[in-house]
Amino acid sequence: MRQRDAALTEAVARRTIATPMEQALSDVTVLDLGQVIAMPFCTMLLADLGAKVIKVESRERGRERVSLGVKRTRDGVEERVPVAQYRDRNKLGITLELKTARGIELFKELVQRVDVVTENFSVGTMERLGLGYDDLKAINPGIIYASVTAFGQHGPYAPQRGYDMLAQAISGYMSITGERGGPPMRSGQSISDYYAGMLCAFSIVSALHYRHRTGIGQRIDMALLDSLVIALDNLGERYTVGGEILTRAGNVSFGGSATGIYPTTDGHVAVAAAASNAVWGRFCTIIGREDLITDPRFAAAPARRDQRDEIAAIIAAWTRQRPKAEVVRTFSTAGVPAAPVNDVAEMVADPQVQAREMFVETDHPIYGRVKITGTPLKMSETPGHVRWLAPMPGEHNDDVFVGMLGHTHEDLARWRADGVI
C-alpha cells in the first residue's frame, strides 16, 4: 500500500500544468469550497474559460472524493476513476481543515488574494466558521461571494438540508414528468444542480462585470428550487394568469399536438411533426396522407391539439414499421424535425456530438488516458478548454501556500503534521 501511495505521489509530482492561452477569465481567481455537483459544476465552467479555480477540501473529503468513481480494468488491474475528473477539471487542489484556527487564518489569507469565493454548504455553516459574506467582505471589500443551497438563504425552508429530488418535488417539476395518469416522476439526472450551477456561473460573471464598473463586490444567493421554477417555462403563468394546471403528458409536448417520442423497429425517435402548418404538410406528404392537410380536424394548430391522441397513433403507425435511422433520415431531409432517441453509448458515438468535441481524451499521471465530457463553451476568440483533469487532494499545496501566499515548505510540513492541511 505504501509503495502504491509513493508511486501515486511521484506521478502527481511529475504532472505539469500547461499555461493556458489568454482566455476570457484568465484574470479571475476563485476560491472554491464547492462539493458534490452544483457548485463544482459552476466553477468548472469558470475554469474552462481560464479562471484560476483553487479547490479547497479537507484531507478526509479529498480521500472520499477520489475513492468514488467509475470501475474499470486497465492492464489487468481493477481501478476506480473518480467521476470528479469531469466537474473538477482545470482546477488547482489544496487541502485545508477549516475546523482548525490556523486553517481559518490561511483561508482568510487566500481571500485577500482572490476575486470570488464559492460554497454550497448548508445555510449558516460559513457564518459559524466566521467565514460568512460579512466576515470576508471585511477582509476583501470587493469579494464576490456565491452560495448554492437547496432553498436559498431565506424563507421557511432555508434551514433545511435539501437535494435535487426535493427541489424537483416542490417546484412542480415532478408533477409534469411521467406518463399521463401515472405517478409523478423525477428527471433522470440531478437537473436542478446543473441549472443552478449554470445560473450561478452567469451570476458570478455578471457580478465581476459590475465590480469592474463600480469596484463593489456582492453576495450571490442561488437556490436549486429557484432554478427549477424558472425552468418550468410558462407553466407557472398558465396557472397564475389562466388558472390552468398542466400535469403529466408523457412524451407529448405541452405546446404541440404532434411532438413526441414514437416507436421504431429498433428503438424510438423524437419527432416534431407539426411545428408549423408547413411542417405538418411535409409530414403528411411523407407518410402518404395528404388528405390530413385539408381535413378540418387537423388543418390548424388548435384543432390538432384537440386530436393529439389520434395524431400520435398516426405517427406511431408509420414509425413502428421502420428502423430509427431510416425514420430520422426520411423526416430530416424533408424538413420535418426528427432525431434518434439515443442511449448513452449511442450519444457518445453520435456524429454531431463528436463534431462538437463533447468528449475529449486527456492524460492523467495516475489513470492514464481518460475520455471525459468536453466543454460546451464555444467562443470564437476565447473558447473553453479541458486543460487537465481533476487535481489529487492537496496536489497544489506548494503552489498555493508557498508560491501564492509566500509561506515556507517547513510551514507546510508542520501544518501537515498538525492536520491543518
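Leaving aside its neighbours within four places in sequence, threonine 382 is in contact with Glu22, Gln23, Ala24 and Leu49, where contact means heavy atoms within 4.5 Å. This is a predicted model, in which local features need pLDDT of at least 70, side-chain atom pairs count only at pLDDT 80 or more, and totals for chains, interfaces and linings use all residues. Residues are numbered from 1 along each chain as its sequence is written, and side-chain values use heavy atoms, with hydrogens and water left out.

Threonine 382 sits in the loop between strand 13 (368-373) and helix 19; helices (H or I, at least four residues) and strands (E, at least two) are DSSP runs, numbered from the N terminus. Is threonine 382 buried or exposed? Its relative accessible area is 17%, so threonine 382 is buried, a word that stands for under 20% relative accessible area, while exposed stands for over 50% and partly exposed for what lies in between (1.4 Å probe, protein chains only).

Taken as a whole, the protein has 421 residues, of which 47% count as buried, and its secondary structure comes to 20 helices and 13 strands. Its C-alpha atoms fill a box of roughly 85 × 55 × 40 Å along the principal axes. Among the contacts with a separation of 6 or more, 67% are between residues 24 or more positions apart.

We turn next to a sheet. Strands of a sheet pair through backbone hydrogen bonds, either parallel or antiparallel, and two strands count as paired here if DSSP finds at least two bridges between them. One open sheet has six strands in the order 5-2-1-6-7-8, with parallel pairing. Strand 5 and strand 8 (218-223) stand at its edges with a single partner strand each, so one side of each is left without a neighbour in the sheet. Neighbouring strands of this sheet are turned by 20° against each other on average, direction ignored.

Within this sheet, strand 2 (residues 52-57) has five of its six residues buried. Strand 2 is joined to strand 1 by four bridges in the parallel sense, with threonine 29 opposite lysine 52, and strand 2 also pairs with strand 5 in parallel over five bridges, where glutamate 57 stands opposite threonine 95. Helix 3 (residues 59-67) packs on the sheet, touching strand 2 and strand 5, and its direction makes about 105° with that of strand 2; such angles run from 0 to 180 degrees between N-to-C directions, with axes being lines fitted to C-alpha atoms, for helices over the stretch in contact. Helix 9 (residues 191-214) lies across strand 6, strand 7 (144-149) and strand 8, running at about 165° to strand 8.

Helix 5 (residues 101-111) has several buried residues, including Ile104, Phe107 and Leu110. What do the buried residues of helix 5 pack against? Their partners include strand 1 (29-32), strand 5 (91-95) and strand 6 (116-119), together with helix 7 (133-139) and helix 20 (409-418).

A further open sheet has three strands in the order 9-10-11, with antiparallel pairing. Strand 9 (259-264) and strand 11 (338-340) are at the edges, each with a single partner strand, so one side of each has no neighbour in the sheet. The twist averages 25° from one strand to the next. Six bridges join strand 9 to strand 10 (residues 267-272), and isoleucine 261 has alanine 270 in strand 10 as its bridge partner. Helix 16 (residues 324-333) lies across strand 9, strand 10 and strand 11, and runs at about 160° to strand 11.
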